[in-house]
Amino acid sequence: MDDRLTADPAGDLPEIDWEAQGIETEFGWAVPLVLQEYIRLGSVAVADVPGGPRGYQVLVATTTEEPSSQLLLANRLGIDKTQMTYVVDALEAGGFVERRADPTDRRVRQVHPTDAGHALLVRTRLALRTAEGVLMRHLGADEQTSMRRLLARVALGAGAARAGAADVDPAFEHPLAVPERSRRRAPSTSRSTPSTTPQ
């Protein structure tokens with residue numbers, strides 16, 4: 001296992017004094033710090049996926065959701081459509097996805113995972129869960145589960161609020177993912193992958 005995913009701090013974390021209302025109690029201080037560390041650890045975990053984190057998201061979406069076009073995938077995941085083309089091209093060149101004609105409209109090409117794509121997703125998801133465990137190592141198992149579930153709810157709510165906003169700050173250049181729940185594949189067409197439900 002990569003040492004960058006297993007490194008542990010020298011000592012325990014200090015107790016947070018919530019009544020003092022110091023900087024560590026500020027949401028705006030905590031979220032970027034967590035994100036930076038997640039990106040550092042996560043980039044190692046998804047290093048074998050063409051397209052990196054975006055490629056991983058495409059594998060998750062194409063494996064767990066109903067087939068959709070490249071454009072709909074870009075909108076769903078909040079990835080610029082030009083960048084999405086590069087990501088799908090890279091995944092297809094690696095043999096992890098393939099483009100197929102939509103059975104209801106042959107002018108539209110859908111993105112489907114291959115067997116190799118399913119296998120890559122299984123390996124990468126396990127590596128990413130290990131990285132996430134390192135990031136949340138100071139939380140108990142129940143706390144980690146609660147954090148995942150609460151954060152998913154906050155993210156869906158934030159996405160829904162921003163999607164309806166007319167005055168979006170131009171400083172936010174990253175496209176916004178569509179704030180909706182995953183459109184699950186029918187059980188008969190789904191393949192077995194490790195559970196994404198927090199344990």
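Okay, let's start at the outside: this protein exposes about 12,900 Å², and carbon and sulfur atoms supply 56% of that. Keep in mind that we're looking at a predicted model.

Now the inside. Of the protein's 199 residues, 29% count as buried.

What's it built from? There are 7 helices and 3 strands. If you walk along the sequence, the order goes α-α-α-β-α-α-β-β-α-α. And how do distant parts of the chain meet up? Take the contacts between residues at least 6 apart in sequence: 62% of those join residues at least 24 apart.

Back to the surface, then. Which residues form a nonpolar patch there? They're Val34, Met147, Leu151 and Val154, and together they have about 330 Å² of accessible area. Helix α7, which runs over residues 141-163, gives the largest share of that patch, with 3 residues.

Let's pick out Met147, which sits in helix α7. Its relative accessible area is 33%, so we call Met147 partly exposed, because that label covers whatever falls between buried, under 20%, and exposed, over 50%.

Another residue to look at is Ala116, over in helix α6, residues 115-135. Ala116 has 36% relative accessibility, so this one also counts as partly exposed. What does Ala116 touch, if we skip residues up to four places away in sequence? Gly95 and Phe96. And try finding Val97 on the screen: Val97 and Ala116 are 19 residues apart in sequence, while their C-alpha atoms are 8.1 Å apart in space.

Methods: Residues are numbered from 1 along each chain as its sequence is written. This is a predicted model: local features need pLDDT of at least 70, side-chain atom pairs count only at pLDDT 80 or more; totals for chains, interfaces and linings use all residues. Side-chain values use heavy atoms; hydrogens and water are left out. Patches are made of residues with over 30% relative accessible area and no salt bridge: like charges are joined within 9 Å, nonpolar side chains (Val, Leu, Ile, Met, Phe, Trp, Tyr) within 5 Å. Accessible areas come from the Shrake-Rupley method with a 1.4 Å probe; for residues, only the protein chains shown count as cover. A salt bridge is a side-chain nitrogen of Lys or Arg within 4 Å of a carboxyl oxygen of Asp or Glu. Helices (H or I, at least four residues) and strands (E, at least two) are DSSP runs, numbered from the N terminus. Buried means under 20% relative accessible area, exposed over 50%, partly exposed in between (1.4 Å probe, protein chains only). Contact means heavy atoms within 4.5 Å.
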